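Reader: I would like to go through this model with you. Could you take me through the main points?

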Amino acid sequence: GQPGAKDSQTGLDHPADVAVDSAANEVYVADGGENQRIVVFDATTGAFKRQWTGHGTAFGRLSCVALSKDGQVYVCDRKNDRLQVFKEDGTFVKEAFVSKTTQLAGSVWDVAFSSDPAQQYAYVADGQDEKVFVLNRSTLEVVGSFGDGGGWPGTFRMLGSVAVDSK
């Protein structure tokens, strides 16, 4: 497919992130640019399997896709300040708004999960507010945050990613 081809199933336009489901042999792509969709491909053949474009309103600016251990698909809709959760088939489950009044670049840039077996927490990188929000993953309620913007040690500047280690 051609870049920017909105009607093409396989044409990607500025993919922002990928997640791999090894058990299902699928690759999830946060397809940004003109498409603004989650698209799923067969990991072996690259064949298109399915896609979706958000719940309620279309995605504004996709910045990440992540798969939890319990088979849910988390999508960072940066411009709309929201984290949306779907089943693997694209069925909407729930959403949360993070720093809903964020202007300009939006608040939900990336997501990572705590390393405990139930992945109790989701950590959301907010590049506009330059902090990390901690959400209870089952309710998506914000339970805390840390960080602040700045150019000195211990502060964030355009926080674009977040990761969690095993401890």
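**Overall architecture**

Reader: What helices and strands does the protein have?

Author: The protein has twelve strands and zero helices. Both are DSSP runs numbered from the N terminus, helices being H or I of at least four residues and strands E of at least two.

Reader: And how confident is the predictor?

Author: This is a predicted model, in which local features need pLDDT of at least 70 and side-chain atom pairs count only at pLDDT 80 or more, while totals for chains, interfaces and linings use all residues. Residues are numbered from 1 along each chain as its sequence is written, and side-chain values use heavy atoms, without hydrogens or water. The mean pLDDT (the predictor's confidence in each residue, from 0 to 100) is 92, and 94% of the residues reach 70 or more.

Reader: Over which residues is the pLDDT below 50?

Author: That applies to residues 1–7, a stretch with 14 contacts (heavy atoms within 4.5 Å) beyond near neighbours in sequence. Where pLDDT is low, predicted coordinates should not be read in detail.

Reader: What does the C-alpha trace span?

Author: Along the principal axes of the protein, the C-alpha trace spans about 45 × 35 × 30 Å.

Reader: How much of the protein is buried?

Author: Of the 167 residues, 46% count as buried, meaning under 20% relative accessible area with a 1.4 Å probe, protein chains only.

Reader: How many contacts join distant parts of the sequence?

Author: Among contacts between residues at least 6 apart in sequence, 40% join residues at least 24 apart.

Conventions. Buried < 20%, exposed > 50% of the residue type's maximum accessible area, 1.4 Å probe, protein only.
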